[in-house]
Amino acid sequence: MRTVICIISIVFACSVPAESVNVENIRIWAAPESTRIVFDLSGPVDHKLANLTDPFRTVVDISNARLKNDLAQPVNADRYLRRLRSANHDEDLRVVLDLKKIAMTKSFQLEPNKTYGHRLVIDIYNDEIQDTSVDDVMEEREEALSAARDVVIAIDAGHGGEDPGSIGAAGTYEKDIALSLAKKLAAKINRVHGMKAVLIREGDYYVRLRDRINKARQYNADLFVSVHADAFTDPRVSGSSVYVLSQKGASSEHAKWLAEKENASDLIGGVKLEDKDDVLASVLLDLSQTASLEASIDVADRILGGLKKVGKLHKRRVESAAFAVLKSPDIPSVLVETAYISNPAEEKKLRNPAHQEAITSAILSGLESYFRSYPPDNTIISQNRSQEYVISRGDTLSEIATRHRVSLQSLRQANGLRSDRIRIGQKLVIPLTGS
Ligand SMILES: [Zn+2]
């Protein structure tokens, strides 16, 4: 027998549309912890959601609606969705979401914005979030705590999913550029001995701004770097900029404008944040933000120094603005606007893999230089900074290199060695990078 286990939410819109509403399109965004289904509508709708079991499925009833196109189907890797089905009952449209396992659902409608029209959004998620990647990292961290740990850098690819970010004249989406740069930067960081990168967003889905910060904290990140490539109203504007948080006035009108635009992401990608804990957040902010901000400015300045070698800078100094994503009270956070996607020449460059390599190398050099100067306690870098190795009998240079996870080449270089001959009692400096 089929049993109704729960009806999570029954939502009626206030206005009853007189004529039939078209469901123009259905988009599915699979994130690691949830799946979002977006119905693009010709107007607001009345809808009901019911979760049924045997098999697990969610039934979406939309009053007085018509499906205009074929149903989208989930990717195989989707953790929640097996498939979508639809049927018409009189004037109403029923879409059935067949699930792979029991899950929670919620739904809400969004007003039109610059990118999309009316939307009905359904989120499928599980309350007990089991993020294996977080667990894995935490486990590794625990093990590492007894010895020296890696410096952890959280890399946040801006936008994602139904928030494309800015769009270039040639059709390039900022969200795609940001993800590509984030992945390249992460790979580079992971090649540095003593540094580890975690990606806040790993695919094409939206993560709420507050959740981006929380995720970085879950990973115990030492630094948060948000990667963007924004647009300005004037296509001639170009160059890289690096931002830190400002609680009061932004350093320029331009910075203010940009921050407002970035913060609006949550209005595109989801509902407005519930800001219950904002009072608490602002108290915490005051307490520990001064120290974080100093560190943020230092890192930002070094990243800017790296970017200067790759291309033009928009502003030669670190700028500040009230980006929501930089509001971690305890994790130094910077936002890199790599270039202006609204500038046709920069849009072209941003798509170029070689240029992406150059940008990410520049950011890495800033990060490395900062952590070499100020390594957090108990990290491999803090130990390596003054680490010396005294040669004993039977040692070979290549074996020392392997043991310390550095390349033979960098070991030779760090010690100015022309050959691999070493003598007992000789002191070697163990360099930081392994590649
Ligand atoms: Zn952006």
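1. A good place to start is I153. In this predicted model, I153 touches I189, M195, A197, A221, D222, L223, V225 and L367, leaving aside residues up to four places away in sequence.

2. Stepping back from that residue, the largest nonpolar core holds 94 residues. I153 is among the members that touch the most others, together with I155, A154, V334 and A221. Helix α2, covering residues 174-190, gives the most to this core, with 8 residues.

3. Where does this core lie with respect to domain 1 and domain 2? Both domain 1 (4-125) and domain 2 (132-373) give residues to the core, so it lies between them. As background, nonpolar side chains in soluble globular proteins tend to be buried together.

4. There is also a second core to look at, separate from the one above. This one has 5 residues, including L411, V406, I430 and L428.

5. Now for the sheet. Its 6 strands follow the order β13-β12-β14-β17-β15-β16, and the sheet is open with mixed pairing. At the edges you will find β13 (195-199) and β16 (319-321), each of which pairs on one side only. On average, neighbouring strands here are turned by 30° against each other, with direction ignored.

6. Finally, have a look at β14 and β17 within the sheet. How do strand β14 (residues 223-228) and strand β17 (residues 333-337) run, parallel or antiparallel? The two strands run parallel, and 5 bridges join them. To find your way on screen, pick S226, which stands opposite L335 in β17.

Methods. Residues numbered from 1 in each chain as written. Predicted model: local features only at pLDDT ≥ 70, side-chain atom pairs only at ≥ 80, totals over all residues. Core = buried A, V, L, I, M, F, W, Y, C linked by C-beta atoms within 7 Å. Buried ≥ 20, exposed ≤ 12 C-beta atoms within 10 Å, placed from the backbone. Helix = DSSP H or I, 4+ residues; strand = E, 2+ residues; numbered from the N terminus. Domains from an automatic or database assignment. Contact = placed C-beta atoms within 7 Å. Pairing = 2+ DSSP bridges. Axes fitted to C-alpha atoms, helices over the stretch in contact; angles between N-to-C directions.
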